[in-house]
Amino acid sequence: MSAFVMPSLGADMEAGVLVEQLIAPGDPVQRGDVIGAVETQKGVIEIEVFESGTLAEWLVPLGTKVPVGTPLAMIDTGAQDVPDPDEPDIPDPEEPTELPEEPPTELPDPEQPFPDDPIPEDLPYDDPGPSEPMPEIPPFDPGMRLRITPAARRLAAQSGVDPRALSLPLGRAITRADILGLAPTSKPPPQFDMRAAIAAAMSRSKREIPHYYLSHMVDLTAAEGFVSALNKDRAPQDRVLLGAVVARAVAHALRKFPEFNGHYDGSFVPSQAVHLGMAINIRGGGLVAPALFDAADKPLDALMRDMADLVERVRAGRFRARELSDATITLTSLGDRGVDELLGVIYPPQVAIVGMGTPRLHPMIHDGQVAARLAARLTLAADHRVSDGHRGALFLRAIDKHLQKPDTP
């Protein structure tokens with residue numbers, strides 16, 4: 001028997017609210033299964049189990065905010081019994097959140113299950129409830145029994161959709177994923193206190209990490225030509241973007257510069273794998289950087305597919321806990337925004353972030369002649385506790401070298 005605990009989804013997270021229980025006690029689970037969802041300042045995030053076995057019981061009621069590390073459920077792994085862990089220190093919820101036994105004549109105020117909690121001064125966590133007043137939810141048919149999780153109820157209200165339109169097996173509760181499927185084109189939900197979460201993480205970064213910065217102009221003409229030739233006979237859905245080539249170049253360069261790939265927690269711990277965090281804008285505001293796992297080991301087409309999938313899921317609000325917590329370095333790009341340079345802020349506990357400005361034509365020396373070349377400014381912000389400008393410069397040059405030979409596997 002082992003405890004499944006509230007995960008840490010970033011340096012800025014101290015607590016979270018359990019808003020969905022997708023697996024019932026007694027049901028089997030496999031490593032990697034999504035068994036629930038927690039609400040943080042970055043939104044509702046699916047949580048995966050890391051062991052196979054049977055879910056014995058949930059320890060935390062829905063709608064309860066608990067600190068990181070609090071046991072949420074017990075997983076029976078079939079291993080030799082060990083003493084049960086101590087009872088989790090769970091703050092009493094101020095409002096009951098269990099699903100009603102009888103059909104309600106109207107839904108409760110969606111803000112009630114998430115009352116404001118007193119926040120310690122040293123705890124940069126605000127109640128993740130919406131910053132805007134919640135819309136009214138139409139009353140349900142008194143004759144209809146509706147089982148719906150708090151997260152799904154909130155999303156339905158925010159999206160303006162009627163969950164009664166769903167047809168589900170008798171007895172199964174409506175989840176947030178069901179509501180997302182019901183309203184794929186609805187307006188995105190209001191952002192949870194994303195700006196406060198970003199501010200807390202970046203303040204910690206600037207307070208604790210001695211940054212240094214480097215900048216290097218890189219010729220992208222060869223990479224652009226490689227992408228054009230590769231996509232020439234491909235269907236649109238199979239085409240590769242220049243961003244995937246840049247991501248692969250960064251991941252491959254890290255093989256020789258491991259001091260930029262890992263986490264710092266009292267001391268630096270390099271990562272054997274490159275889990276490349278991709279900075280992605282969220283519709284309606286905010287930014288997250290979930291990981292592309294094992295980016296250095298994947299073929300370019302697989303990396304492109306994973307990038308596309310990650311962007312689609314992030315913008316639909318369906319990214320997973322491990323994707324937020326396990327990134328080992330971040331890549332951020334200005335894309336087509338028309339700005340030349342980006343000086344990033346390291347996301348702790350990572351120790352480096354690579355930035356790229358908008359590619360555009362620049363006059364450059366090529367084969368002894370001044371020529372118009374597609375180029376962009378590559379930047380590095382790195383942690384002086386782990387590396388220095390000499391190694392940082394070599395790292396940027398290594399990325400440049402890979403971009404000049406993009407057809408190298």
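# Aromatic cluster, main pocket and strand pairing

Phe260 and Phe395 are both buried, that is, under 20% relative accessible area (over 50% is exposed and the range in between partly exposed, with a 1.4 Å probe and protein chains only). The model is predicted, so local features need pLDDT of at least 70 and side-chain atom pairs pLDDT 80 or more, while totals for chains, interfaces and linings use all residues. Residues are numbered from 1 along each chain as its sequence is written, and side-chain values use heavy atoms, without hydrogens or water.

## Rings and charges

There are two aromatic pairs in the structure. Phe257 and Phe395 have ring centres 5.9 Å apart and planes at 50°, so this pair is tilted. Rings of Phe, Tyr and Trp (its six-membered ring) pair with centres within 6.5 Å; planes under 30 degrees apart are stacked, over 60 edge-to-face, and the rest tilted. The Phe257 pair connects distant parts of the chain, 138 residues apart: Phe257 is in the loop between α5 and β10 (262-264), and Phe395 is in helix α8 (residues 389-404). Phe257 is buried, as is Phe395.

For Phe260 and Phe395 the centres are 4.8 Å apart and the planes lie at 10°, so the pair is stacked. Here the separation along the chain is 135 residues, from Phe260 in the loop between α5 and β10 to Phe395 in helix α8. Ring pairs thus join Phe257, Phe260 and Phe395 into a cluster.

Two arginines sit over rings. The charged end of Arg322 is 4.1 Å from the ring centre of Phe293, and Arg385 lies over the face of Tyr264 at 3.8 Å from the ring centre. The criterion is NZ of Lys or CZ of Arg within 6 Å of the ring centre and within 35 degrees of the ring normal.

## The largest pocket

The largest pocket has a volume of about 830 Å³. It is lined by 29 residues, and the closest to its centre are Gly243, Met278, Met307, Ser333 and Gly335. A pocket is an open set of points on a 1 Å grid where a 1.4 Å probe fits, with protein on both sides within 12 Å along at least five of seven lines; lining residues have an atom within 4 Å of a point.

By class, the lining holds 18 nonpolar, six polar and five charged residues, with Gly counted as polar. At least two lining residues come from each of α5 (242-253), β13 (280-281), α6 (300-315) and β16 (329-333). The largest contribution is that of α6, with five residues.

## Strand pairing

Helices (H or I, at least four residues) and strands (E, at least two) are DSSP runs, and two strands pair if DSSP finds at least two bridges between them. One open sheet has four strands in the order β1-β8-β6-β3, with antiparallel pairing. Its edge strands, β1 (2-5) and β3 (28-29), each pair on one side only.

The table gives antiparallel pairs, each with one pair of bridge partners.

| Strands | Bridges | Partners |
|---|---|---|
| β1 and β8 (residues 71-76) | four bridges | Ala3 and Met74 |
| β9 (residues 211-219) and β19 (residues 369-383) | nine bridges | Leu214 and Leu380 |
| β17 (residues 352-356) and β19 | five bridges | Gly355 and Thr379 |
| β18 (residues 360-366) and β19 | seven bridges | Pro363 and Ala372 |

β18 and β19 form a hairpin with two residues between them. In the turn, Asp367 has a positive phi of about 55°.

Technical notes
Points joined across faces, edges and corners; volume = space filled by probe spheres on them.
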